[in-house]
Amino acid sequence: MSKVTAIYPGSFDPLTNGHLDLIERGSKIFDKLIVAILRNSEKQPLFTVPERRDMLEEILRKRGWKNVSVDTFEGLLVDYVVRRKAHAVLRGIRAISDYEYELQMALLNRKLQPSVETVFMMPALTYSYLSSRLVREIARLGGSVEGLVPENVQKRLKEKLRKNGIPPTPRGRRKSGR
Ligand code: PNS
C-alpha cells in the first residue's frame, strides 16, 4: 500500500494537550502527519503564526515524533492538501457538539475536492472539555493552565499576557505543585 500523508489543520492558538494527544494518535496511523497552522484567519489571535509554529516545533523536537512536521497555510484547506500531495485531513471530535460543524466542513471539503478524505479521531477523555479559547480565557483571568497545555505554552502564555499589560492575579502567581 502507498504511504498515507495527512494534514492536521487548525488555529492552534495556543496548542493544547488535546491537540498533542491527537497529533500522537495521528502519528501512529499515518505515515506522515503535517500539522498545518492557518494563516490570515479573520479571528484576532493571541499568538502570531510564527509564535504558534515555534511552540509546536519545540514540542515536536522534545517528543521526537519523526513523521510529524509543522507548516502554515492560507486559502482553501483542500487546495493546500492537494499542493502537499496529502491524502487526508485529520480532525478531532471532542463531543457531539463538535460533530455538526466538523461534518459540515468535511462534506464541503469533499464537495470541493472529492479526492480528500477527512478522518476523525477522538482525543483522550481527559481532554474532551479542553479548547484553546477556554485556555486563553483561563490564562487571561489568572487561572492555572497546568495540565491543559504543554509547559512551553504555559510559559509563553504568561509572557504574552505580561506583555499585553495583563497583570498576574494572585492565582496566576501561585507556585505550581511540581
Ligand atoms: O482550529 P480551528 O479554528 O477549528 O480550525 C479550523 C480550520 C483551520 C480547519 C478551518 O477554518 C479551515 O480549514 N480553514 C481554511 C479555509 C477553508 O478551507 N474553508 C472552507 C472549509 S469547508
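What is the volume of the largest pocket? About 1200 Å³. Here a pocket is an open set of points on a 1 Å grid over the protein atoms alone, with protein on both sides within 12 Å along at least five of seven lines. Its volume is the space filled by probe spheres set on the points, which are joined across faces, edges and corners.

Before you start clicking, note that this is a predicted model, in which local features need pLDDT of at least 70 and side-chain atom pairs count only at pLDDT 80 or more, while totals for chains, interfaces and linings use all residues. Residues are numbered from 1 along each chain as its sequence is written, and side-chain values use heavy atoms, with hydrogens and water left out.

**Stop 1: the pocket**

Select G10, S11, K43, R91 and Y101, the residues nearest the centre of the largest pocket, out of 40 that line it. A lining residue has an atom within 4 Å of a grid point. Now colour β1, α1 (17-29), α2 (49-63), β4, α4 and α5 (132-140), the elements that give two or more residues to this lining. Helices (H or I, at least four residues) and strands (E, at least two) are DSSP runs, numbered from the N terminus. α4 gives the most, with 7 residues. By class, the lining has 18 nonpolar, 13 polar and 9 charged residues. Ala, Val, Leu, Ile, Met, Phe, Trp, Tyr, Cys and Pro count as nonpolar, Asp, Glu, Lys and Arg as charged, and the others, Gly among them, as polar.

**Stop 2: the ligand**

Show the ligand next: it sits in the largest pocket, meaning that more than half of its atoms lie within 2 Å of the pocket's grid points. Around the ligand are 13 residues, the closest being G10, S11, K43, L77 and R91; each of the 13 has a heavy atom within 4 Å of the ligand. This shell divides into 7 nonpolar, 4 polar and 2 charged residues. α4 gives the most to the shell, with 3 residues.

Which atoms of S11, L77 and R91 should you zoom in on? In S11, look for a side-chain N or O atom 2.6 Å from a ligand oxygen. In L77, a backbone N or O atom is 2.8 Å from an oxygen of the ligand. In R91, a polar side-chain atom lies 3.0 Å from a ligand oxygen. A polar contact is a pair of N or O atoms within 3.5 Å.

**Stop 3: a cavity**

Hide the ligand and select L77, V89, R91, E102, M105, A106, N109, T118 and F120, which line the largest cavity. A cavity is a set of grid points where a 1.4 Å probe fits but cannot get out. The volume of the largest cavity is about 40 Å³. α4 supplies the largest share of its lining, 4 residues, and β4 (88-92), α4 and β5 (117-121) each supply at least two. This lining is made up of 5 nonpolar, 2 polar and 2 charged residues.

**Stop 4: the loop after β1**

Finish in the loop between β1 and α1, where you will find F12. Phi of F12 is near 50 degrees, a positive value in a residue other than glycine. P14 lies in this loop too, and the peptide bond from D13 to P14 is cis, with omega near 0 degrees. Why stop for these two features? Because most residues other than glycine have a negative phi, and most peptide bonds are trans.

Terms used. A polar contact is a pair of N or O atoms within 3.5 Å; within protein, one must be able to donate a hydrogen and the other to accept it, and residues adjacent in sequence count only if both atoms are side-chain atoms.
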